[in-house]
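Reader: Before accepting any label attached to a model, I would like to see the value behind it and the cut-off it was set against. Could we go through this one in that way?

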Amino acid sequence: MASASSATPDTLPAWQTLKHHAETLQHVHLKTLFGTEPSRWESFTRQVAGLTLDLSKQRWDDDTLEHLFTLASEAGVPSAIEALLSGKRVNVSENRPALHTALRLPADATLELEGEDIVAAVHESLAQMERLVCRLHAGQWRGATGKPIRHVVNLGVGGSDLGPLMVTHALGDFRPKDIHPVEVHFASTMDGSQLADYLSRLNPETTIFVLSSKSFTTIDTLSNANTAREWLLSRLTQHGATPISAELVVRQHFIGVSASPEKMTEWGIAEDHQLTFWEWVGGRYSLWGTIGLPIALVVGMANFREFLAGAHTMDRHFAEAEMSENLPVLLALAGIWNVNFLDIRAHSILPYDGRLEYFAAYLEQLEMESNGKSVTRQGQPVNYSTCPVLWGQLGPNAQHAFYQLLHQGTQPVVCDFIAPLKRYDEVEDPDTRRHLKTQHRLALANCFAQSRVLMLGDDALEDDGPRPEHKRYRGNQPSTTVLLDQLTPATLGSLIALYEHKVFVQAVIWDINPFDQWGVELGKQIATDTQKIIDGDGDLSRMDASSRGLIEAFWAAEQE
């Protein structure tokens, strides 16, 4: 990675070459590129780890890619990959490694960090998680009144919520059979609205809560946890003729997951109900370890380990493949080309499978919290664009929402289309399977058609004759298609790791640190100060006029 004395990325020779090269391609339509390069599919498509990455609809050619490879080399991407995976302190602002990839290393691997092999510790944490999962799946976890637990509510926010929520929804088909039924729920909003809904419906005798927070100081999570604790105590300590101690209620109805075991103990969580991880695991990268407890509860530990194995397969590919064959590198370079040389700063994520409903939200955090930075790793302001704005939705729904803008709006947008090739093979009833497969073909037809229309515009249509201007499609919108052989724990693991490594490669080229989030921390600090003022413990006069007016409006509403 670049040293403090290195030139900024935009002064590298390859960057300047790409600027001039972009001028020659800026107004070349994708239909022209496909017309002059009939082998674009073969040239710009790669397959590995159950994934097919189609970059043929990007607005680039072979020369573009060669210049981008040169840029990646000049920016130090190969050495940066080695530094990331070997445990170097790539998180420079916090002076620590970013070793989420270690969470998916196999048990027979070795990785030394400051003289200690951390693989054994990683697998001990997985074994501890497995013990808790097995207790719940066997119906052996009893609440304070002796009834087996039926509901688990995960209390987390950000990486402690979005990742587990996305994966449990995506892999719901892989629930193990013949286990004690346990339903997993998620509550993240600090206003309590999600939690209040669960508390109105769930039985406190058969419900436990998982407090997931790396620091165990996150106000969103702790406010929900305190509400859950009071709900349990008010209903269980006076249950029946025999009083139940508050200590027993908290012990039997809470699990903690954190990098701060002392704070979990201080809150009251029993030591044998604590799952830990390490400071070198970023929150948005933490679903691979004990933060993934809800995933393991839904799919079982065998499938959770397959999930890890799929990600590790992508890690190995990332480490070993040449840049010209390396899926994360290629995906990252497409983004660099679009953002920095074609000036496309909007990026939409469009899965065509309902199981991936939360994938866009997950990537929004992964990419924008990681690369939404405006200073270099040395703390110097950048004068080039970094992370684009990410947004998205299930493709079939988005077609009836914002595809109008994609096809005929004034804002250029690059799109990622994501879909599995095979679906519904596991459905036993042949008639139902046939009908569902017809629906799957319909979804794929729409997925493929939308990327084609974005590329070709009106030329995708077979009708003849002039079209009125309000019906014209300009096309020339770049897109990527990622196909999964099937959506399984392993291929989902590979898919997530693909995007994780893409984000890292882009950060290296932009010379920014993707592993901190000081903008988030500032918001938390200001919110704490504002809450004191709202509660009457601060100085309202030092607030700006708008904030004073908003707080006074709240106070007035409370008096009504």
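Author: Let us begin with the accessibility terms: a residue is buried under 20% relative accessible area, exposed over 50%, and partly exposed in between. Please keep in mind throughout that this is a predicted model.

Reader: Why is alanine 49 called partly exposed?

Author: Alanine 49 has a relative accessibility of 22%, and since partly exposed covers what lies between under 20% and over 50%, that value places alanine 49 in the partly exposed class. Alanine 49 sits in the loop between β1 (45-48) and β2 (51-54), and its phi is near 55 degrees, which is a positive value in a residue other than glycine.

Reader: What makes glutamate 114 count as buried or exposed?

Author: Its relative accessible area is 67%, and because exposed means over 50%, glutamate 114 is exposed. Glutamate 114, too, is a loop residue, placed between β3 (112-113) and β4 (116-117), and its phi, near 50 degrees, is a positive value in a residue other than glycine.

Reader: How do you know whether histidine 501 is buried or exposed?

Author: With buried defined as under 20%, the relative accessible area of 1% makes histidine 501 buried. This residue belongs to helix α18 (residues 489-510), and, with neighbours within four places in sequence left aside, its contacts are Leu84, Thr101, Arg104, Met314, Asp315, Phe318 and Pro328.

Reader: Aspartate 458 lies in a loop, so what makes it count as buried or exposed?

Author: The loop in question runs between α17 (430-456) and β13 (479-484), but the class rests on accessibility: aspartate 458 has 13% relative accessibility and therefore counts as buried, the cut-off being under 20%. Beyond its neighbours within four places in sequence, aspartate 458 is in contact with Arg467, Lys471, Arg472 and Tyr473, and its side chain reaches the backbone nitrogen of tyrosine 473 at 2.8 Å.

Reader: Why are glutamate 357 and valine 375 given the class they have?

Author: Glutamate 357 has a relative accessibility of 38% and so counts as partly exposed; valine 375, at 38%, counts as partly exposed as well, because the class takes in what lies between under 20% and over 50%. Glutamate 357 is found in the loop between β10 (346-351) and α14, where it is in contact with His169 and Leu394, neighbours within four places in sequence left aside. Valine 375 lies in the loop between α14 and β11 (389-392), and its contacts, with the same neighbours in sequence left aside, are Gln380, Pro381, Val382, Asp511 and Ile512.

Reader: Which residues are listed under "active site", and how do you know?

Author: The listing comes from UniProt, in an unreviewed entry, and names Glu369, His400 and Lys524; such annotations may be inferred rather than shown by experiment. The listed residues spread over 156 residues of sequence and are also spread in space, with up to 36.1 Å between C-alpha atoms. From this set, Glu369 and Lys524 are part of the lining of the largest pocket.

Reader: What makes the join between glutamate 369 and arginine 284 a polar contact?

Author: The side chains are joined at 3.0 Å, and because a polar contact requires a pair of N or O atoms within 3.5 Å, one able to donate a hydrogen and the other to accept it, the pair of glutamate 369 and arginine 284 qualifies. Glutamate 369 itself is found in helix α14 (residues 359-371), and, not counting residues up to four places away in sequence, it touches Arg284, Glu364, Asp516, Gln517 and Val520.

Reader: Why is lysine 524 given its accessibility class?

Author: Lysine 524 has a relative accessibility of 36% and therefore counts as partly exposed, falling between under 20% and over 50%. Its place is in helix α19 (residues 518-534).

Reader: Which elements make up the lining of the largest pocket, and what is its volume?

Author: The volume is about 950 Å³, and the elements giving two or more residues to the lining are α9 (219-236), α14 and α19. The lining counts 43 residues, of which Ser215, Thr218, Val520, Glu521 and Lys524 lie nearest the centre of the pocket, and α19 provides the largest share, 9 residues.

Definitions and conventions
Residues are numbered from 1 along each chain as its sequence is written. This is a predicted model: local features need pLDDT of at least 70, side-chain atom pairs count only at pLDDT 80 or more; totals for chains, interfaces and linings use all residues. Side-chain values use heavy atoms; hydrogens and water are left out. On a 1 Å grid over the protein atoms alone, a cavity is a set of points where a 1.4 Å probe fits but cannot get out, and a pocket is an open set with protein on both sides within 12 Å along at least five of seven lines; lining residues have an atom within 4 Å of a point. Helices (H or I, at least four residues) and strands (E, at least two) are DSSP runs, numbered from the N terminus. Contact means heavy atoms within 4.5 Å. Buried means under 20% relative accessible area, exposed over 50%, partly exposed in between (1.4 Å probe, protein chains only). Grid points are joined across faces, edges and corners, and a volume is the space filled by probe spheres set on the points.
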